[in-house]
Amino acid sequence: MRVTIIRDDGVVGVDGVFRRVDLSTLPARIRALQWNGVSGHVEYDHGANTTLHDLAAFQTFVELWNAAAPQPPVPPGARQMTAAAFARIDSAYEAAVKAMTKSYPGDEVGSWPQQEAEARAWLMDSRASTPWIDAAATGRGIDKAALIDKIITKASLFTPAHGQLTGKRQKLRDEIIALGDNPTQQQLDAIQW
């Protein structure tokens with residue numbers, strides 16, 4: 001084992017791998033140390049280098065170097081794995097909903113609940129207030145009844161499809177929850193969209 005200690009840099013190198021270590025206990029007059037595995041030398045601030053026949057007096061610094069080794073990454077815990085599984089399911093759900101609404105601008109999709117509520121209210125009572133529908137019918141150049149028919153038709157298609165996707169998402173999340181507090185990655189990976 002080759003060892004290098006460099007006080008001014010605050011590092012110890014073992015076999016060419018250098019790590020920062022606390023060198024505060026290194027005698028103040030020692031500037032550096034070189035050890036080739038069999039012999040070495042100590043370099044001083046003032047004075048000639050001395051030959052080193054044994055590394056025992058500096059073994060503490062090799063131990064500090066070992067302690068400074070990067071720790072292996074901690075494998076994800078059950079909470080992190082479960083959160084990642086929820087995120088994977090939620091992402092697949094969002095992609096499926098987005099695919100269903102991709103030909104509509106976000107603002108229009110956001111108005112769908114208002115459109116449907118006004119259309120259903122008007123179907124129950126033609127005197128119901130329908131400001132969104134009135135403005136959209138005028139802007140589109142069609143009569144109110146025709147627009148309401150289009151809104152109800154689209155809602156009748158979208159609502160069950162959206163409900164099915166939402167139900168699937170909830171079912172998969174329930175399956176993840178049913179695994180308990182310590183699921184394995186394999187169990188979580190088996191739950192797929």
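Biologist: Where is Val-14 found?

Modeller: Val-14 is found in strand S2. Strands here are DSSP runs of E with at least two residues, helices are H or I runs of at least four, and both are numbered from the N terminus. Before we go on: this is a predicted model, where local features need pLDDT of at least 70 and side-chain atom pairs count only at pLDDT 80 or more, while totals for chains, interfaces and linings use all residues. Residues are numbered from 1 along each chain as its sequence is written, and side-chain values use heavy atoms, with hydrogens and water left out.

Biologist: Okay. What makes Val-14 count as buried?

Modeller: Its relative accessibility is 4%. Buried means under 20% relative accessible area, exposed means over 50%, and partly exposed is what lies in between (1.4 Å probe, protein chains only). So at 4% Val-14 goes in the buried class.

Biologist: Which residues is Val-14 in contact with, leaving aside its neighbours within four places in sequence?

Modeller: Met-1, Arg-2, Val-3 and Trp-65. Contact means heavy atoms within 4.5 Å.

Biologist: How far apart in space are Val-14 and Lys-102?

Modeller: They're 59 Å apart, C-alpha to C-alpha, with their positions 88 residues apart in sequence.

Biologist: Where does Asp-15 lie?

Modeller: Asp-15 is in the loop between strand S2 (11-14) and strand S3 (17-20). It has a positive phi of about 50 degrees although it's not a glycine.

Biologist: Why is Asp-15 called partly exposed?

Modeller: Because its relative accessible area is 42%, which falls in the partly exposed range.

Biologist: Let's do rings. How many aromatic pairs are there?

Modeller: The count comes to three. Rings of Phe, Tyr and Trp (its six-membered ring) pair if their centres lie within 6.5 Å; planes under 30 degrees apart are stacked, over 60 edge-to-face, and the rest tilted.

Biologist: What makes Tyr-93 and Trp-193 an edge-to-face pair?

Modeller: Their centres are 6.3 Å apart and the planes stand at 65 degrees, so the pair passes both tests. The pair links distant parts of the chain: Tyr-93 is in helix H2 (residues 78-101) and Trp-193 in the segment after helix H6 (185-189), 100 residues apart. Tyr-93 is buried at 15% relative accessible area, whereas Trp-193 is partly exposed at 28%.

Biologist: And why are Tyr-104 and Trp-112 called edge-to-face?

Modeller: The centres are 5.0 Å apart and the planes 80 degrees apart, so that pair qualifies too. Tyr-104 is partly exposed at 24%, and Trp-112 is buried at 17%. Together with Phe-158, Tyr-104 and Trp-112 form one aromatic cluster.

Biologist: How do you know that the charged end of Lys-168 sits over the ring of Trp-193?

Modeller: The rule asks for NZ of Lys or CZ of Arg within 6 Å of the ring centre and within 35 degrees of the ring normal. Lys-168 is 4.5 Å from the centre of the Trp-193 ring. Arg-173 likewise lies over the face of Phe-86, at 4.1 Å from the ring centre.

Biologist: What makes Arg-173 and Asp-90 a salt bridge?

Modeller: A salt bridge is a side-chain nitrogen of Lys or Arg within 4 Å of a carboxyl oxygen of Asp or Glu. Arg-173 and Asp-90 come in at 3.0 Å, N to O, so they qualify. That pair joins helix H5 and helix H2, 83 residues apart. Asp-90 also meets Arg-169, at 2.8 Å.

Biologist: How many salt bridges does the structure hold?

Modeller: Nine. One of them is Arg-127 with Asp-125, at 3.2 Å. Arg-127 is exposed at 72%, while Asp-125 is partly exposed at 31%.

Biologist: How do you know that Glu-118 has no salt bridge?

Modeller: Lys and Arg count as positive, Asp and Glu as negative, and His and the chain ends aren't counted. The nearest side chain of opposite charge to Glu-118 is Lys-144, 7.2 Å away, so the 4 Å limit isn't met. Glu-118, in helix H3 (residues 106-124), is buried all the same.

Biologist: What does the side chain of Glu-118 reach at 2.9 Å?

Modeller: The backbone nitrogen of Ile-133.

Key
A polar contact is a pair of N or O atoms within 3.5 Å; within protein, one must be able to donate a hydrogen and the other to accept it, and residues adjacent in sequence count only if both atoms are side-chain atoms.
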